[in-house]
Amino acid sequence: IRAALDARANSDTLVIARTDAVAVEGLEPALERAEAYREAGADVLFVEALRSPEQMRQASARFTGRAPLLANMVEGGKTPLLPAGELQALGFSIVIFPGGLVRALSRTANDYFASLKATGSTAAFRDRMLDFSELNALIGTPEMLALGKRYDN
C-alpha cells in the first residue's frame, strides 16, 4: 500500500486496498488486514466477499468515519446483492457492479442468436435493437464526420 501511495502520480488516483481473507481466514482476520491497509494510508478499503448484511454492518461499524468502504455487487457472488441506497445506509461509500454489463450483453446475445436461428431474420428482435441511424447517433458518427470535413481539400 505504501509503495502504491509513493508511486501515485496524481492526487485524483485512489488507492483501493482489497482483502480476500474472508473466504480463507474469516471475517475478523479480513478486518484486521483492512485495518493494516488503513494504517498504511489506503484511500478506500475493500473487504471482498462479505457474506451477509450482518458482516457488512460489522465492517462498516469498524471503519465508519475512519475510511471509506467499497462494496462489490456481483450476481452469483458471495456478498448479498443490495441496492446502492441500502449499501449507503450500511456505511459503504462506493459500490461497484463489475461485469454486470457483460453478463447482460451475453444474455441479450444468446437471445438474439436464438431468435435469428429460429426465424432466419432479425425482425422478431427489432424492438430490442438500435437501428443504423440510432447507433450512429449514439456513438457520435455525424459529429466525427463533420470534424473530418475540416480536412477536405
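A residue counts as buried when its relative accessible area is under 20%, as exposed when the value is over 50%, and as partly exposed in between. The legends below describe close-up views of a predicted model.

**View 1. A salt bridge joins E28 of helix α3 to R62 of helix α4.** The side chains of E28 and R62 meet in a salt bridge, with a distance of 2.7 Å from N to O. Because E28 belongs to helix α3 (residues 27-40) and R62 to helix α4, this pair ties together parts of the chain that are 34 residues apart in sequence. R62 has a relative accessibility of 26% and therefore counts as partly exposed. E28 is also partly exposed, at 40%.

**View 2. R38 and E35 form a salt bridge within helix α3.** The N to O distance between the two side chains is 2.8 Å. Both residues belong to helix α3, where they stand 3 residues apart, about one turn of the helix. How accessible is each partner, R38 and E35? R38 is partly exposed, with a relative accessible area of 24%, whereas E35, at 11%, is buried. Through salt bridges that share partners, E28, E35, R38, R62 and R66 are joined into one network. Side chains of opposite charge can pair when their charged atoms come close.

**View 3. Helices α3 and α4 cross in contact with one another.** The axes of α3 and α4 come within 11 Å and cross at roughly 30°. Angles under 35 degrees count as roughly parallel, so α3 is roughly parallel to α4. The crossing is right-handed. Which residues make the contact between α3 and α4? On the side of α3 they are L27, E28, L31, E32, A34, E35 and R38. On the side of α4 they are Q55, Q58, A59, R62 and F63.

**View 4. Q55 is a buried residue of helix α4.** Is Q55 buried or exposed? Its relative accessible area is 17%, which lies under the 20% limit, and Q55 is therefore buried. When neighbours within four places in sequence are left aside, Q55 is in contact with V22, L27, A49 and L50. One of these partners, L27, also takes part in the contact between α3 and α4.

**View 5. Strands β1 and β2 pair in the parallel sense.** The pairing extends over 4 bridges. Within it, I16 stands opposite V44 of β2. In a regular strand the side chains alternate between the two faces of the sheet. Both faces of β2 are covered. V44 and F46 are buried on one side, while L45 and V47 are buried on the other.

**View 6. A salt bridge links strand β1 to the loop that follows β2.** The side chains of R18 and E48 meet at 3.4 Å, from N to O. R18 lies in strand β1 (residues 16-19) and E48 in the loop between β2 (44-47) and α4 (53-63), so the pair ties together parts that are 30 residues apart in sequence. R18 is partly exposed, with a relative accessible area of 42%. E48, at 14% relative accessibility, counts as buried. How many salt bridges does the model contain in total? The count comes to 12, and the pair of R18 and E48 is one of them.

Notes: Residues numbered from 1 in each chain as written. Predicted model: local features only at pLDDT ≥ 70, side-chain atom pairs only at ≥ 80, totals over all residues. Heavy atoms only, no water. Salt bridge = Lys/Arg side-chain N within 4 Å of Asp/Glu carboxyl O. Helix = DSSP H or I, 4+ residues; strand = E, 2+ residues; numbered from the N terminus. Buried < 20%, exposed > 50% of the residue type's maximum accessible area, 1.4 Å probe, protein only. Contact = heavy atoms within 4.5 Å. Pairing = 2+ DSSP bridges. Axes fitted to C-alpha atoms, helices over the stretch in contact; angles between N-to-C directions. Parallel < 35°, antiparallel > 145°, perpendicular 65-115°, else oblique. Left-handed = near helix turned anticlockwise from the far one by under 90°.
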